[in-house]
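Let's take a walk through this protein together, with the structure open beside the text. We will go from annotated spans to a bent helix and then to two serines.

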Amino acid sequence: MGCCGSSERTKREWRPLEDRSCTDLPWFLLFTVFCVGMGSICGFTIVTGGAARLVFGYDSYGNTCGQRNELIEGVRLSGLDHTDRKFVFFLDPCNIDIVQRKIKSVALCVSLCPAEELQTYQDLKRFAMVNGSELCSYELAAHKYPGLPERIDKCPKLPVPPSKPLPVFNRCTPVDVSCYAKFAEAVVTFVGDSSVLHRLIAGVAASKEIIIGLCVLALALSMILMVIIRYISAVLVWILTSLVVLGSLAGTGVLWWLYIDHRLYGNDTSPKLPKEAKEEMKAELSADSGQALLVYAVSASVFTIILLLLMLFMRKRVALTIALFHVAGKVFIHLPLLTLQPFVTFLALLLFWIYWILVLLFLGTSGNPEQNEETGLTEFRLTGPLQYLTWYHAVGLVWISEFILACQQMTVAGAVVTYYFTRDKNRLPVTPILSSVLRLVRYHLGTVAKGSFIITLVKIPRLILMYIHNQLKGRENVCARLLLKTCICCLWCLEKCLNYLNQNAYAATAINSTSFCTSARDAFVILVENALRVATINAIGDFVLFLAKILIMTSTAFAGVLLLNYQRDYTEWLLPLIIVCLFSFLVAHCFLSIFEIVVDVLFLCFAIDTKYNDGTPGKEFFMDKALMEFVESSRRLGRAAERGRSRVKEAVSEGAEMKPMAPGTSSA
């Protein structure tokens, strides 16, 4: 593969798809080592028993259910043989610490969960004698339950609700979850009446088929819109432009009308007061109101003039945005597997997040046993250097998530670059997406790792500041709050800019097979040279895509209203419609984000194509016919403008030659 190092060309040349070499190999090795560290954390939790304690459960004395345990020094009732006791039973399952989000009750290992309600201590004795499952503390004999004075503290709270074991995790959970009402009210703070909550949940349960159908409809609409948006993009762009211009003109006109009306007639909107007080108030407020209206009107006028000038100078670049949307629609027709990218990325992220959460839970049950001084229960905690494993694991969440998203961007960029720089579209690879994935895995994983690490360096401080801001809410002073919010906002803006630059750097790497820094520099130079075009495409293109997302969401919601119309209790509509709207917007965002990446990569390819090619023999354009028409139209306008300037210069020069002589120089 030639991965020992890739020598950069001393003089930068854009040679699309001509040669391939490994890029940023040290970063690939660093990322590999980091991933090995993530896997080692999982191995550590399995070896030390944290995974077993999470899956099989453990009692309040450090014994893991379902297996023989070793004695823990200083902890009574530890080291018991629980081979036959495979389920965790809580003496008071409703004793929940809402702040710490955990059950504070004593936990025991039992052989069977009570399937029926047990109302008396005699019922506890009968259940233990018949089923061999003792629900009171280990040191109490089952046949003495009713007469023991310790039964109040060491036996379950009566009545014992019927319960059944959770799948996989072997915890006895009450069948009736009404005992968690307090916890539910703390989580769902907007629901004040429990009957409303029950009706909302009942509405979701009754409409689950409709919800699934509407989610499928949102998927279908998103996929269809990506193909047909090229036919409606021109209409959307010009309608949007017209509405913005007309809206700004109308707003400015209304402000000037209000100002003139105030000056001429003195708009009397003061409250009913005695005549003397009313006149004094009018005298005080009249000057301020007129001055404020004048400032508003002048500001709106300046904004409108700037907007009109921008529209005038950027009208040709609006045509470029429309052409790029048109070509992007063609890309999805030639590369239909692009529509599967959101599914693949979401599946990869979902699998990684599930793994990450499981390992995090494993870490929560790993470490050394410690006795809680407040409750007397045994808990497992990481101490010493091991406590930093959680921080390492948290960094892995951000870096690997960003790595997966960057792999999607590189894959899409590679496929679009192949499409753009292949002159004969009939000679495209059979599966450009698969070819792009293979190139990514073989050559460019180091580049993706480096780019995602840069985003991680910005995102982690922002998340830390957001956590500090939430923890100090209500306790910090105004200056500290403003400083924190300013830092969070600046880091967010920096992250968005770096994301955009990274995306173009991946496209440059896909074109030229250069390292991340070289690709980022080259892409940045191209973007700066086309700054106005970039601004137009980002402003108009992003807003059009936002309108498309809203269109998909509202269409799905409208279909939901029609399908849910049979339910006359309109309260039951709320939660299903909220779920459908959120899911449809999320789906539309995922799919149209791919469309946005395609447009950005096409623009970078177009900018490179127009910079290094001019259509002459040997320097033929690679671009699509729609973009070629835009280039030809721009050239015609340029030639017309040049002819107009030359005619003006000729007229000025002729006027200078025909200037009459001064009066004093005529012959006598």
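How far apart do the end C-alpha atoms of residues 25-47 lie, and what share of the span is helix? They are 33 Å apart, with the span 100% helix and 0% strand. Please keep in mind that this is a predicted model.

**Annotated spans**

Residues 25-47 come from a list in the UniProt record, an unreviewed entry, which annotates "transmembrane region" at 25-47, 210-229, 236-259, 293-313, 343-363, 391-421, 543-567 and 573-606. Another of these annotated spans is 343-363, and there the chain is 100% helix and 0% strand, with 30 Å between the end C-alpha atoms.

**Confidence**

How does the confidence look? The protein has an average pLDDT of 79, and 79% of the residues score at least 70. Residues 181-197 have a pLDDT below 50, and this stretch makes 6 contacts in the model beyond near neighbours in sequence. The pLDDT is also below 50 over residues 267-273, a stretch with 11 contacts beyond near neighbours in sequence.

**A bent helix**

Helix 12 covers residues 432-471 and spans only 49 Å between its end C-alpha atoms, whereas a straight helix of 40 residues would span 58 Å at 1.5 Å a residue. If you trace helix 12 on your screen, look at His 444, where the helix bends by about 85°.

**Two serines in loops**

Is Ser 60 buried or exposed? Ser 60 counts as buried because its relative accessibility is 5%, under the 20% cut-off. For Ser 111 the value is 23%, so this residue counts as partly exposed.

Here are the side-chain polar contacts of the two serines:

| Side chain | Backbone partner | Distance |
|---|---|---|
| Ser 60, polar atom | Ala 107, nitrogen | 2.7 Å |
| Ser 111, polar atom | Gly 132, oxygen | 3.2 Å |

Ser 60 sits in the loop between helix 2 (50-56) and strand 1 (87-90). Leaving aside neighbours within four places in sequence, Ser 60 touches Ser 105, Val 106, Ala 107, Leu 377 and Thr 378. Ala 107, whose backbone nitrogen appears in the table, is thus one of the contacts of Ser 60.

Ser 111 lies in the loop between strand 4 (107-110) and helix 3 (121-131). Beyond four places in sequence, the residues in contact with Ser 111 are Asp 84, Arg 85, Lys 86, Phe 87, Asn 131, Gly 132 and Ser 133. With Arg 85, the C-alpha separation is 4.1 Å, although Ser 111 and Arg 85 are 26 residues apart along the chain.

Technical notes:
Residues are numbered from 1 along each chain as its sequence is written. This is a predicted model: local features need pLDDT of at least 70, side-chain atom pairs count only at pLDDT 80 or more; totals for chains, interfaces and linings use all residues. Side-chain values use heavy atoms; hydrogens and water are left out. pLDDT is the predictor's confidence in each residue, from 0 to 100. Contact means heavy atoms within 4.5 Å. Helices (H or I, at least four residues) and strands (E, at least two) are DSSP runs, numbered from the N terminus. Buried means under 20% relative accessible area, exposed over 50%, partly exposed in between (1.4 Å probe, protein chains only). A polar contact is a pair of N or O atoms within 3.5 Å; within protein, one must be able to donate a hydrogen and the other to accept it, and residues adjacent in sequence count only if both atoms are side-chain atoms. The expected span of a helix is 1.5 Å times one less than its number of residues. The bend at a residue is the angle between axes fitted to the seven residues ending there and the seven starting there. UniProt positions are given in the numbering used here, feature names are shortened, and annotations may be inferred rather than shown by experiment.
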